[in-house]
Amino acid sequence: MKYSLTEEQEMIRDLCRIVADEKIRPVAAKYDEEQTFPWDVVKAMGDADLFGIFIPEEYGGLGGGVMELCIAVEELSKACGGIALALAGTALASFPIILFGSEEQKRKYLPDIAAGKKLAAFALTEPNAGSDAAAIQTSAVRDGDCYVLNGTKQWITNAGEAEIYTVFAVTNRSKGSRGATAFLLEKGMSGFDFGKKENKLGVRASATGEIILRDCRVPKENVLGREGLGFLIAMKTFDQSRPGVAAQALGIAQGALDEAVFYARERVQFGKPISSFQGLQFMLADMATEIEAARALVYQTARAIDAGEKNIAKESAMCKVFASDVAMKVTINAVQVLGGYGYMKDYPVEKMMRDAKITQIYEGTNEIQRGIIAANLIKEYARKKK
Amino acid sequence: MQIIVCIKQVPDTTNIKINPETNTLIREGVECIVNPFDMYAIEEAIRLKERCGGKITALTMGPPQAESALREALSLGVDEAVLISNRAFAGSDTWATSFTLASAIRKIGHYDIILCGKQAIDGDTAQVGPGVAAHLNIPQITFVKKIEEVTDRSIRAERMMEEGFQILESPLPVLLTVVKEINEPRLPSLRGKMKARKADIPVWGPEDIDVGGDQIGLNGSPTYVAKIFAPERKGSGKIFRGDAEEAVDQLIHELRSGKLI
């Protein structure tokens, strides 16, 4: 389906397709197997200006929005959902700077991100604070011109590889969700270390690790927004970033459908290509229909955000839930279409199935998303008169 | 360093099919690409510029749609582009093409290095690059796999020959044709693509480069094409299985009965 993309958006899609075909697809299985960070590919993505897509022009970017980012993430994820995360994770950590950073912070951090020189990472989750993000234990105590941070962050995308970290810590425990603050940390600050590197089911080309803060002194200039705005910043960031996760899911799903249809046309059983069997045709038809529906929802939400729509939490959650559930279903069915071959690592669909699973879990589990959708829905109806 | 890259837009022959009845190319749906060998020439031009500074001008002769090949060159880092296009140039063979390109290069005026791909994947003649050098009366180094050294006045390059390498030194200006071993072409960047989209590409006709009449196009082309035919389709091969002795016996029997030996 045509989505009336602008000339620039088409250009982003074309370029990402080239990057995916030439730089990502040939090495996707290798990085999945080795579980190492694909710096050569990330450098190529940087050289192609992909990290500048979502950053305003005045800070060295190309001035695109959520829609442009979604197009890029979708296209890259068709080839590898894990490698695409280097971009999506950096975008997630950059949104707080773009949305709430001071002029000085934007000038200091955004140009290097846009140029692909530095990756960024978003650090909220902790061992005991996943869906219940307000339960974070990492503390920040003011000491003169600095804050002293202590605590452990877990499952942080781009950990160890990124230079810039958006870290959330409690500055005033008595204030509950109004007591958290967002900080900008840099790799190499004293007291800032990396812990365990995770061994994962999927997105294995993406670095996921632990951040350990031991009396890490962070200058007060590195506070994002102001003290106490931490949760607001996190939530507003998620509203912008969830379509990006949805786009990752969408790309993985599309990549799996592409493989499934290609295989079904080639594979001959009972003297005919298996694509001629109705049972399989119906499966492919449902996969394609659900993907198209997911794409329409993701694109429309991304466009609404870029158009300045403020109240977007519900739709943002909807597109993340829907696209990730579609990705899981489609990739499972893609493995089914390829049968025994699909189960083998010689074909890419088993990896896509493993990669798809995380999209139902991170940046708010799909259960949390449904909670957000329901809460907003009920609130909307409460305002309406019957 | 003033660098000129000559490129050609060609049908993507890796996906091309031939109509078995008419022996002609099926052109419908065939994508046009920059001749792959020219991509190495463009990349080498950009690397030379990164090393020595200067300016790169891309040049192509072709129909109006060849402009997209120039935009691709611009998106990669070429500074300027010129399209040589006019009905009068139609039907040019390698002689007329190299004469026309040489005339355009003379019009550009100052140049130190001219880069071309070793050949185009459609015609496969490998004549246009050397032809340009001949028409301009400058030295040429063909099949370059490495530029070893370049100064304001000279260049030393390694040629890839069938039985080894040859290292040649030449004064500038010089024309080089490059082989695929010379580099790995970069991908375009978004910024480059945006710049390329907006770039102004002048179109030069015969009067712009002071050529005409019997010098260009079909009239300027001494090549006579007697016949065009597609290579004969090969049938599938046959594998003789079993132990070696048995298989060899079968093979010999087959060759004898086919009167091939």
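Here are three short exercises on this two-chain model, each with a worked solution.

The model is predicted, so local features need pLDDT of at least 70 and side-chain atom pairs count only at pLDDT 80 or more, while totals for chains, interfaces and linings use all residues. Residues are numbered from 1 along each chain as its sequence is written, chains are lettered from A and ligands numbered from 1 in the order in which they are written, and side-chain values use heavy atoms, with hydrogens and water left out.

**Exercise 1.** Work out whether A:Lys153 is buried or exposed, and what its side chain reaches.

*Solution.* Start by finding A:Lys153 in strand β3 (residues 146–157) of chain A; strands here are DSSP runs of E, at least two residues, numbered from the N terminus. Next, check the cover: A:Lys153 has a relative accessible area of 0%, so it's buried (under 20%, with exposed being over 50% and partly exposed in between; 1.4 Å probe, protein chains only). Then follow the side chain. It makes a polar contact with the side chain of A:Glu126 at 2.8 Å, and it reaches the backbone oxygen of A:Phe168 at 2.7 Å. A polar contact is a pair of N or O atoms within 3.5 Å; within protein, one must be able to donate a hydrogen and the other to accept it, and residues adjacent in sequence count only if both atoms are side-chain atoms.

**Exercise 2.** Describe how chain A and chain B meet.

*Solution.* First, count who takes part: 17 residues from chain A and ten residues from chain B, contact meaning heavy atoms within 4.5 Å. Now the area: about 1300 Å² is buried between the chains, and carbon and sulfur atoms give 67% of that. Buried area is the accessible area (1.4 Å probe) that two parts lose on being put together, summed over both. In chain A, the residues losing the most area to chain B are A:Met11, A:Leu15 and A:Leu62, together 39% of what that side buries. Last, look for charges: the rule finds three salt bridges across the interface (a side-chain nitrogen of Lys or Arg within 4 Å of a carboxyl oxygen of Asp or Glu). B:Arg197 forms a salt bridge with A:Glu7, with the closest N and O atoms 3.3 Å apart.

**Exercise 3.** Place A:Gly271 and say how far its C-alpha atom is from that of A:Glu68.

*Solution.* Go to the loop between β9 (268–269) and β10 (272–273) of chain A, where A:Gly271 sits. Its relative accessible area is 67%, so A:Gly271 is exposed. Finally, jump 203 residues along the chain to A:Glu68: the two C-alpha atoms are separated by 45 Å.

How values were computed. Helix = DSSP H or I, 4+ residues; strand = E, 2+ residues; numbered from the N terminus.
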